[in-house]
Amino acid sequence: KYYLELIKKGMFDQFFEEMRSGMLPFIDGQKYGRSVMECSSFIVSSAFEDPNFFGRGVLARLSGSAAEFLSIWKLMFIGDTLFQLNEGGKLEMQLVPSLPAWLFRENEFAQSRADKKYVIRFKLFTSINVAYFTATPKDLFGVKPLRYTIGLRDGSIMSVDTISSTLAANIRKVVLIDYIHAYF
């Protein structure tokens with residue numbers, strides 16, 4: 001709850017400082033006492049009917065902390081409200097990430113000096129590849145992209161400043177969209 005409230009309140013510097021020292025993906029396995037990949041909610045006891053599971057770590061499907069982490073991830077990569085209705089009642093989509101510069105990596109696919117040099121990637125709705133590009137590593141705390149390039153599954157590409165009605169609806173449908181590149 002502490003981490004979630006920090007990012008919800010816009011305390012980004014403190015959130016990312018705390019995250020680097022206290023969230024499991026950033027903790028040294030030696031300090032943690034075991035591999036950070038072994039983050040279990042509980043250990044199967046010898047009272048369980050199948051002896052093959054005795055002593056194994058099990059992760060709960062959706063615990064409160066897992067739900068909080070998903071909320072944190074959403075605020076970091078997507079923003080508070082992905083889809084909204086504009087003044088005319090039309091659907092719009094806006095990505096507004098809150099990401100520190102240290103999470104961006106050099107863009108290994110840059111073809112020229114004009115290409116944006118730093119990138120961070122994620123999947124939206126488990127199938128749309130999203131990449132955020134910047135020319136220099138910089139914090140993106142509540143910053144809207146300057147423009148988008150959206151690749152459709154039929155091979156066509158669209159460059160837009162805002163993601164409005166039809167395009168936003170197609171992104172919600174997922175099946176028509178291959179990727180979204182956002183440039184900051």
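Two residues are said to be in contact when heavy atoms of theirs lie within 4.5 Å. In this predicted model, Met93 meets that condition with Leu82, Phe83, Gln84, Leu124, Ile163, Ala168, Ile171 and Ile180, leaving aside its neighbours within four places in sequence. The points below cover the sheet, the core, a pocket and three individual residues.

**The sheet and the helix across it**

- An open sheet is built from six strands, ordered S6-S7-S8-S12-S10-S11, with mixed pairing.
- Strands S6 (105–106) and S11 (157–160) stand at the edges with a single partner strand each, so one side of each has no neighbour in the sheet.
- Strand S7 (residues 118–124) pairs with strand S8 (residues 128–134) in the antiparallel sense, over seven bridges.
- Val119 is placed opposite Phe133 of S8.
- Helix H5 (residues 165–173) lies across S7, S8, S10 (147–152), S11 and S12 (177–183), and its direction makes an angle of about 120° with S12.

**The nonpolar core**

- The largest nonpolar core comprises 42 residues.
- Among the residues with the most contacts inside this core are Met93, Leu124, Ile171 and Ile180; Leu124, Ile171 and Ile180 also appear among the contacts of Met93.
- Met76, Tyr132 and Ile150 likewise belong to the group with the most contacts inside the core.

**The second largest pocket**

- The second largest pocket holds about 190 Å³ of space.
- Its lining includes Met19, Met23, Pro25, Phe26, Leu103 and Ile120.
- Helix H4 (residues 64–77) gives the most to this lining, with five residues.
- Met76 is one of the lining residues, and Met76 is also named among the residues with the most contacts inside the largest nonpolar core.

**Arg147 in strand S10**

- Arg147 lies in strand S10 and counts as partly exposed because its relative accessibility, 37%, falls between the limits of 20% and 50%.
- Although Arg147 and Val160 are 13 residues apart along the chain, their C-alpha atoms are separated by 5.8 Å.
- Beyond residues up to four places away in sequence, Arg147 touches Val160, Asp161, His181, Ala182 and Tyr183.

**Two residues with positive phi**

- Most residues other than glycine have a negative phi.
- Phe125, which is not a glycine, has a positive phi of about 55°; this residue is found in the loop between S7 and S8.
- Val174, also not a glycine, has a positive phi of about 70° and lies in the loop between H5 and S12.
- Phe125 is partly exposed, with a relative accessible area of 37%, whereas Val174 counts as buried because its 16% relative accessibility is under 20%.

Conventions
Residues are numbered from 1 along each chain as its sequence is written. This is a predicted model: local features need pLDDT of at least 70, side-chain atom pairs count only at pLDDT 80 or more; totals for chains, interfaces and linings use all residues. Side-chain values use heavy atoms; hydrogens and water are left out. Two strands pair if DSSP finds at least two bridges between them. Helices (H or I, at least four residues) and strands (E, at least two) are DSSP runs, numbered from the N terminus. Axes are lines fitted to C-alpha atoms, for helices over the stretch in contact, and angles run from 0 to 180 degrees between N-to-C directions. A nonpolar core is a set of buried Ala, Val, Leu, Ile, Met, Phe, Trp, Tyr and Cys residues joined through side-chain atoms within 4.5 Å. Buried means under 20% relative accessible area, exposed over 50%, partly exposed in between (1.4 Å probe, protein chains only). On a 1 Å grid over the protein atoms alone, a cavity is a set of points where a 1.4 Å probe fits but cannot get out, and a pocket is an open set with protein on both sides within 12 Å along at least five of seven lines; lining residues have an atom within 4 Å of a point. Grid points are joined across faces, edges and corners, and a volume is the space filled by probe spheres set on the points.
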